[in-house]
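Work through the exercises below with the model open beside you. Each task is followed by a solution in steps.

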Amino acid sequence: MIGFVKKVVRNRLAGLGLVVLFGIILLAILTPLLPLAPPNAIDTPNRFVLPFSDNALLGTDHLGRDLLSRLLWGTQLSLAVGLAAAFIAGFFGALLGIVAGYMGGRTDSLIMRSVDILMAFPYILLALAIVAALGPGLMNALIAVAVVNIPFFARNVRGVAVTLAQADFIQSARLSGRSDISILVFELLPNVASVIIIAFSTTVGWMILETAGLSFLGLGSQPPQADLGSMLGEGRAALITNPHTSIIPGIMIFLIVMGINLLGDGIRDALDPRLAKGRLEKPSPLTRVGDGLIQSPPIDSTASKAVMDVNHLSTNFEVSEVVNKAVRDVSFSISSGECLGLVGESGSGKSVTALSLTRLVASPPGVVVSGSVRISDQELISLPYEGIRAIRGRRVAYIFQDPLTSLHPLHRIGHQLTEAMSTHSRGADSVFVERAKNLLSEVRIPNPERVMDAYPHELSGGMRQRIGIAMALANDPDLIIADEPTTALDVTVQAQILTILNDLRQQRGLSILFISHDLNVMAQICDRVAVMYAGEIVEMGRAPDILEHPKHPYTAALLACSPQIGQGRQSLQPITGMPPTGHEPLNACAFANRCSRVQPVCQQQPVEIIDMDSQLVRCLFPVVES
Amino acid sequence: MLRYIVRRLISMIPVLIGITAIVFLIMSLIPGDPATAILGSYATPENVANLNAKLGLDKPLVQRYFIWLGNLAQGDFGRSFSLNRPVLDEILERFNATLILSGTAYLLCSFLGVLAGIFSASRQYEISDKLITFVVLIGISVPSFFLGMMLIVFFTVQLRWLPASGMFSIYGGGDFVDLIRHLIMPALALSFVATGVIARLSRSTMLEVLRLEYIRTARAKGVKEFRVVTRHAFRSAVVTILPVLGLQAGFVLSGSVYIEIVFQWPGIGRMLVDAILTRDILLVQGGVVFVAFCYVFFNLAVDVLQLWLDPRITRK
Amino acid sequence: MTEQILKVRNLSKSFPVNRGWFGFNKRQLRAVRAVSLSVHKGDTLGVIGESGCGKTTLARMLVGLQSPDAGEILIDRQHLHMLDSVQRGRAVQYVFQDPISSLNPRMTIGKSLETPLRCLHSLTSAQRKAAIIDIIDAVKLPVDSLARYPHEFSGGQAQRIAIARALLAQSPLIVLDEPVSALDVSVQAQIIELLTEIKQKFDLTYIFISHDLSVIEAVCDQIAVMYFGEIVEYGDCSQILMDPKHPYTRLLASSAPQIGKLLTAESGIGQLPDPLDPPGGCSFAARCRYATNECIQLPTPRKKTGNSNYAICHHPILNHE
């Protein structure tokens with residue numbers, strides 16, 4: 001509980017809200033004990049006394065009643081009624097929502113259709129109708145506000161409950177023999193609770209406003225009893241002459257509701273799983289570059305015929321104080337017409353490396369802390385935004401992993417393709433359209449005309465990835481970076497995509513940086529392979545050398561634990577243990593504690609990468625085949 | 001598309017019937033009988049019985065409902081006893097005023113809210129974002145009727161710039177400029193809250209969309225950042241924001257009840273409050289059903305717009 | 001021959017797709033059609049297929065998470081639909097693809113593991129504790145894991161927990177739905193090794209569902225190849241993968257990338273038929289290079305291709321070409 005409050009108050013505004021609200025609630029609770037004038041004592045000779053007068057700190061109203069006293073009693077009443085309404089609405093709404101969501105079928109449609117009908121009213125109409133039927137009065141206003149808000153809770157909670165009812169953990173509870181009731185109470189409810197609390201904390205303020213509103217209209221609390229709303233209503237008659245009678249209760253409502261809203265935001269931030277890893281941050285168009293960026297010395301451009309040169313590139317993820325070193329001192333170069341593979345398991349830093357090249361890593365939290373990335377004569381890391389933008393898609397193009405999420409769902413395929421072209425060159429639309437169609441046939445899409453008009457969701461995964469490739473080819477780039485382009489695809493489709501990429505390479509002489517976790521895929525397309533582990537390149541060389549005669553123990557172990565087709569039943573040799581996290585500096589070989597060839601010296605110092613028979617290996621005791 | 005609209009229209013029938021049923025049921029809970037209310041407490045029992053028979057109130061509840069429903073279907077909303085004129089005439093006249101006020105406020109809050117939200121999201125944590133967030137916070141915390149009253153105190157009492165009540169000046173005026181002068185304060189007060197809600201939603205939706213993979217794709221294509229925000233991110237955010245805009249219409253309509261009271265705007269909200277206090281059941285019933293129907297049809301229009309904006313829906 | 005622990009006959013499942021007004025002319029989306037198979041005690045049956053082939057629907061029907069439209073499932077000669085939830089939980093268990101989502105995020109691992117013991121076997125608290133400690137040791141997790149929550153674990157560790165829970169139900173049959181697909185290669189090998197180990201230790205039978213031919217080959221005795229809701233080839237795993245008889249199995253095998261072998265891809269776009277409007281004849285005919293007119297028009301026969309192997313095909317590839 002204390003931990004939770006701390007989490008909420010981490011949002012400083014929420015802390016402010018908590019303080020304001022706490023103060024007001026304390027006042028409301030203490031009201032009966034305070035030495036106040038009776039709230040309903042009429043004293044007409046002393047009407048409309050201004051605030052800060054001797055006998056009345058906040059002045060008096062049109063009947064000469066003490067405003068401070070009425071304010072505090074009114075606050076107490078408003079808070080009590082608003083909270084009560086919120087609890088009633090929250091309880092019944094959540095109950096309906098959970099039952100509807102979990103039961104599904106008829107029960108669900110019956111409940112939700114009724115909720116739909118209730119939500120078809122602008123809320124005040126329903127509230128007015130209820131008050132009209134029950135008659136004006138504070139209790140009736142409370143009922144009206146509660147009823148009107150039940151559908152809101154029901155719908156919110158039901159949405160979550162429906163998703164959860166299908167969740168794997170609910171299914172496995174069922175398989176573990178739990179009954180429906182027990183699943184509802186022990187498995188579902190704890191997970192829905194946070195949604196209920198969020199919905200509650202973000203609507204309590206609104207419900208206090210609504211009850212105050214009904215009282216303001218004269219339909220809530222009846223004289224002489226007054227809540228904040230009816231004080232405002234009474235004050236309105238004297239608005240022009242004595243505005244203080246309106247301003248005082250008005251400000252109190254405002255403070256209460258603002259306090260609740262601020263606190264509600266804090267509670268939401270603390271409970272929302274999507275916000276668990278920090279608040280929603282807008283990734284900037286360019287990865288931030290660290291302050292003390294170490295630039296590599298200029299290399300003589302005459303010697304290098306590389307399309308891209310990467311030197312000592314390091315990228316961190318920095319979330320407040322925690323630094324995660326995702327890419328550590330990575331260097332490689334890609335020559336013209338070459339396909340370099342970057343292979344590694346999840347968390348090895350291969351994708352982050354790929355994105356760092358044109359500074360596409362989401363920032364925050366990504367920071368490029370050191371290194372240089374050159375294409376021919378240009379240094380990308382220090383280039384300003386406009387310069388990088390002109391290179392992205394034009395000279396360096398990307399193909400991403402999941403073609404469903406990486407294509408814009410609401411733009412037609414044709415538009416997405418021509419946009420890639422019109423971004424970098426001027427020309428008639430018809431020219432772009434023609435070029436786009438040609439590209440589509442080049443990636444072997446059967447009827448380009450029709451596909452141009454389609455939306456991504458209308459195509460299969462394989463077709464979408466062909467679009468992804470076509471889009472990367474749009475401006476005839478110097479280098480294509482393919483980030484796990486076949487991982488999301490079925491094996492037969494993967495074979496097609498790999499074949500297309502291979503053919504395009506040959507026809508167009510493409511340079512490709514191909515990222516994958518799958519050594520078998522690497523073997524199909526790459527000339528050279530770089531193996532990454534814990535953010536470092538541990539081995540790099542010609543693909544057949546690496547894949548058939550690995551020198552680094554990690555590469556060898558990785559190959560030994562990947563099952564191969566045509567070998568029958570086989571026992572695999574798993575790598576024990578886990579890779580190191582990126583939080584601490586590497587003072588040893590990163591693979592040392594999982595390595596079968598480990599020696600004491602491996603644990604004592606970082607290991608440099610060395611050249612061994614034209615194969616780069618970061619190991620003190622590399623595998624040497626006899 | 002057309003098929004979808006027809007399907008939606010058909011599926012609205014139960015909702016519309018449900019609305020009338022709920023309203024009728026609630027109103028039938030009113031204790032005592034309208035005849036006594038109309039004739040006053042000195043009426044003889046015979047007179048009351050006569051009037052009840054005349055109004056059809058001696059028949060059973062279900063039968064009365066269907067008679068009322070049948071009349072509604074023919075456009076007969078009954079007669080208001082307190083105003084002594086047909087309910088529908090009164091509603092249409094009042095609704096006109098409400099539409100001017102709510103419509104203006106609605107357009108204002110949709111436009112300003114969405115704009116503020118996008119602007120705020122694309123400048124996250126900058127001064128302008130913080131300023132907007134602050135104003136928005138005030139917006140969602142202040143009661144609209146209190147804000148209206150404060151506007152009156154400031155612009156009418158202090159500055160004497162704008163009129164504080166009614167739709168037109170009593171003496172002279174009556175032209176368009178006069179209407180606008182009367183409209184400014186109520187429309188502002190009414191739209192302020194909704195602007196806050198919409199701005200908050202737009203901001204968080206934009207922030208969510210900006211993290212999606214296809215935004216990264218657009219950036220990787222070299223698309224200019226302004227275009228990434230407007231054409232790529234905003235295009236998707238609209239699909240999320242639009243249904244909420246539809247719901248906000250209900251909130252603006254609801255808020256207009258308070259604002260009409262504060263500014264003595266001759267709209268339907270004020271009519272309803274008066275009708276409740278005078279227990280003019282037919283007027284309340286008719287008014288509520290009429291506005292609810294308008295709201296339902298408005299949301300249908302929003303749905304159709306949504307369909308047009310999101311090609312994925314027809315497939316589902 | 002050992003006894004059959006699972007027998008499935010003519011299992012079918014469609015999902016209604018609401019298209020049209022008021023649910024008139026509801027159309028059926030075919031997920032699984034007329035699947036029959038049997039598994040002997042102690043064997044591992046691999047079910048392989050690409051996305052949309054119905055393998056997950058089949059798996060869920062086998063544990064009663066979905067009920068079939070037609071056909072029957074017998075576990076130890078008992079009809080699955082006749083069992084109550086406790087009997088069912090003792091007869092067959094399921095391991096999900098995504099281990100973390102299969103654990104209640106608001107419950108400690110210890111609590112999650114207790115559920116099957118309490119609900120299926122009504123053990124006392126002390127007995128539960130002892131059983132959990134044994135199993136935690138068998139799946140090689142530290143004992144202090146019990147007090148922690150699912151999000152604190154990596155995918156591989158969470159899969160160990162999920163396996164532990166399935167073991168605690170003490171059912172002799174476990175359906176593993178892509179148990180290693182979400183894991184990295186090195187972790188994948190760890191889990192496969194663990195599965196092999198506990199299979200021997202607890203005398204288990206597995207149904208192993210995967211899209212990865214090499215994983216299936218490494219762990220399975222029998223294999224069922226699924227395409228578009230049907231089993232198209234069935235039999236001894238290594239025999240079939242060495243020499244596939246069904247053109248689809250052959251395509252799968254040749255599409256899988258391997259080091260030292262250049263891969264061949266089919267030339268068309270290779271899409272599944274529309275599941276709302278399935279073709280009359282062989283569903284693979286449109287993609288098959290051996291297809292003839294009879295493939296498109298006639299129902300496809302089951303042809304024996306080996307001792308216990310068969311292929312559903314007019315023209316199984318019998319002689320090497």
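**Exercise 1. Backbone outliers with positive phi**

In which loop of chain C does C:Gln170 lie? The model is a predicted one; locate the residue, then compare it with B:Gln264.

Solution.
Step 1. C:Gln170 sits in the loop between helix H5 (155-168) and strand E7 (173-177) of chain C.
Step 2. Its phi is positive, about 55°, although C:Gln170 is not a glycine.
Step 3. B:Gln264 is not a glycine either, and has a positive phi of about 50°.
Step 4. The loop that holds B:Gln264 runs between helix H10 (225-262) and helix H11 (268-278) of chain B.
Step 5. B:Gln264 has a relative accessibility of 42%, so it counts as partly exposed.
Step 6. Such cases are worth listing because most residues other than glycine have a negative phi.

**Exercise 2. The course of helix H8 in chain A**

Compare the end-to-end distance of H8(A) with that of a straight helix, and find where the helix bends.

Solution.
Step 1. H8(A) spans residues 180-216, which is 37 residues.
Step 2. At 1.5 Å a residue a straight helix would reach 54 Å, but the end C-alpha atoms of H8(A) are only 46 Å apart.
Step 3. A bend of about 55° is found at A:Leu189, and the proline A:Pro190 follows within four residues.
Step 4. Of the 37 residues in H8(A), 27 are buried, so the helix is mostly covered by the cut-off of under 20% relative accessible area.
Step 5. After the helix comes A:Gly218, with a positive phi near 85°.

**Exercise 3. From H8 to H9 in chain A**

Is A:Ser221 buried or exposed? Describe its surroundings, then go on to the cis peptide bonds of chain A and to helix H9.

Solution.
Step 1. A:Ser221 belongs to the loop between H8 and helix H9 (228-236) of chain A.
Step 2. Its relative accessible area is 4%, so A:Ser221 is buried.
Step 3. The side chain of A:Ser221 makes a polar contact of 3.4 Å with that of A:Asp227.
Step 4. Beyond its neighbours within four places in sequence, A:Ser221 touches several residues, among them A:Gly137, A:Leu138 and A:Ser230.
Step 5. The loop between H8 and H9 of chain A also contains A:Pro224, which is joined to A:Pro223 by a cis peptide bond with omega about 5°.
Step 6. Another cis bond leads from A:Pro364 to A:Pro365, with omega near 10°. A:Pro365 is placed in the loop between helix H11 (350-356) and strand E5 (366-375) of chain A.
Step 7. In H9(A), the buried residues include A:Leu228, A:Met231 and A:Leu232.
Step 8. The cover over the buried residues of H9(A) includes helix H3 (67-103), H8 and H10 of chain A, and helix H7 (144-158) of chain B.

**Exercise 4. The interface of chain A and chain B**

How many salt bridges does the rule find across the interface of chain A and chain B? Begin with the extent of the contact.

Solution.
Step 1. Chain A contributes 77 residues to the contact and chain B contributes 76.
Step 2. The two chains bury about 6900 Å² between them, with 71% of it on carbon and sulfur atoms.
Step 3. A:Leu280, A:Lys282 and A:Leu410 lose the most area in chain A, together 10% of what that side buries.
Step 4. There are three salt bridges across this interface. One joins A:Glu419 to B:Arg227, with the closest N and O atoms 2.9 Å apart.
Step 5. The rule also finds 25 residue pairs in polar contact between chain A and chain B.
Step 6. Helix H10 (residues 244-271) of chain A supplies the largest share of the chain A side, twelve residues.

**Exercise 5. The interface of chain C and chain A**

Which helix gives the most to the side of chain C that touches chain A? Give the area and the polar pairs before answering.

Solution.
Step 1. The contact involves 63 residues of chain C and 56 residues of chain A.
Step 2. About 5000 Å² is buried between chain C and chain A, and carbon and sulfur atoms give 56% of this.
Step 3. The rule finds one salt bridge here; C:Arg60 and A:Asp168 meet in a salt bridge at 3.6 Å, N to O.
Step 4. Polar contacts across this interface come to 15 residue pairs.
Step 5. Elements of chain C that each supply at least two residues to this side include helix H3 (109-121), helix H6 (185-202) and strand E6 (92-95).
Step 6. H6(C) gives the most, with eight residues.

Methods:
Residues are numbered from 1 along each chain as its sequence is written. Chains are lettered from A and ligands numbered from 1 in the order in which they are written. This is a predicted model: local features need pLDDT of at least 70, side-chain atom pairs count only at pLDDT 80 or more; totals for chains, interfaces and linings use all residues. Side-chain values use heavy atoms; hydrogens and water are left out. The expected span of a helix is 1.5 Å times one less than its number of residues. The bend at a residue is the angle between axes fitted to the seven residues ending there and the seven starting there. Buried means under 20% relative accessible area, exposed over 50%, partly exposed in between (1.4 Å probe, protein chains only). A polar contact is a pair of N or O atoms within 3.5 Å; within protein, one must be able to donate a hydrogen and the other to accept it, and residues adjacent in sequence count only if both atoms are side-chain atoms. Contact means heavy atoms within 4.5 Å. Buried area is the accessible area (1.4 Å probe) that two parts lose on being put together, summed over both. A salt bridge is a side-chain nitrogen of Lys or Arg within 4 Å of a carboxyl oxygen of Asp or Glu.
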